[in-house]
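Colleague: I'm new to this, so could you pick one part of this structure and go through it slowly? I'd rather understand a single corner properly than hear a little about everything.

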Amino acid sequence: MADHRVTCLSCASVNRVPATKLGAHPKCGTCGARLMEPRVHDIDTETLRKAERNDTIPLVVDFWAPWCGPCRMMAPEFEKAARVLAPHARLAKVNTQVHGDASQRYGIRGIPLLVLFRDGQEVDRLPGARPATEIEAFARRHTAERA
Ligand code: ZN
């Protein structure tokens, strides 16, 4: 089976992980962080660009901001989805207030917005606050065949 490419969401190193080892808590070869941890990572746009370019595992990014009520409401749902989807998809969030370049780069007109990246491109997006079950269903449309 082919190797997956997975960008470490802590140090942004690109790691190779055999498909059979995805569920075995693989660690980053550079910083030792767990690559497929079942939680939401807070990342910057630089890390996102790297993951976007390299990762063969779906990365679902929640573009949000602290002033956005629906964003804050969705946060625990997004965490819940991250636990269920590991290790078949990874979930991360980008604070658009801190990383102001995100809105233009990704053509964001409203938040919260979920964007799924895989194999060097944007694959799908889902606008608005969603419950965990909908976030899961959204991600699984792009994981099932590779799980
Ligand atoms: Zn690392």
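Modeller: Sure, let's take the sheet and then the helices that go with it.

A bit of housekeeping comes before that. This is a predicted model, so local features need pLDDT of at least 70 and side-chain atom pairs count only at pLDDT 80 or more, while totals for chains, interfaces and linings use all residues. Residues are numbered from 1 along each chain as its sequence is written, and side-chain values use heavy atoms, with hydrogens and water left out.

So, in what order do the strands of the open sheet come? The five of them are arranged β3-β5-β4-β6-β7, and the pairing is mixed. Strands here are DSSP runs of E with at least two residues, helices are runs of H or I with at least four, and both are numbered from the N terminus. Two strands count as paired if DSSP finds at least two bridges between them.

Which strands stand at the edges? They are β3 and β7, and each has a single partner strand, so one side of each has no neighbour in the sheet.

Now walk across it, starting from the β3 edge. β3 pairs with β5 in the parallel sense, over two bridges. If you'd like a spot to find on your screen, look for D42, whose bridge partner in β5 is K93.

Stay on β5 for a moment. Is β5 enclosed or open to the outside? Five of its six residues are buried, so β5 is largely enclosed by the rest of the structure. "Buried" means under 20% relative accessible area, "exposed" means over 50%, and "partly exposed" is in between, using a 1.4 Å probe and protein chains only.

β5 also pairs with β4, again in the parallel sense, over six bridges. Here the place to look is V61, which stands opposite A92 in β5. To get from β4 to β5 the chain crosses through α2, and that β-α-β crossover is right-handed. In other words, with the strands pointing away from you, the path from the first strand over the helix to the second runs clockwise.

At the other end of the order, β6 and β7 run antiparallel and are joined by six bridges. Find R118, and you'll see Q121 of β7 standing opposite.

Now for the helices, beginning with α2. One residue to zoom in on is M74, which lies in that helix. M74 counts as buried, at 1% relative accessibility. What does M74 contact, leaving aside its neighbours within four places in sequence? The list is D62, P112, L114, G128, A129, R130 and I135, where contact means heavy atoms within 4.5 Å. By way of comparison, A19 is 55 residues from M74 in sequence and 31 Å from it in space, C-alpha to C-alpha.

P112, one of those contacts of M74, has something else to show you. The peptide bond joining I111 and P112 is cis, with omega about 0 degrees. You'll find P112 in the loop between α3 (101-105) and β6. The bond from A86 to P87 is cis too, with omega near 0 degrees. P87 is in the loop between α2 and β5, which puts that bond beside the crossover route we just followed.

I135, another contact of M74, leads us to α4. Which residues of α4, the helix at 132-140, are buried? They are A132, I135, E136, F138 and A139. Around the axis they cover an arc of only 160 degrees, which puts them on the same side of α4; the arc is that of the directions from the helix axis to the C-beta atoms. It's a pattern worth knowing: an α-helix has 3.6 residues a turn, so residues three or four places apart point the same way.

And what covers those buried residues of α4? The cover includes strands β4 (59-64), β5 (90-95), β6 (113-118) and β7 (121-127), along with helix α2 (69-85). That brings us back to where we began, since β4, β5, β6 and β7 are among the strands of the open sheet.
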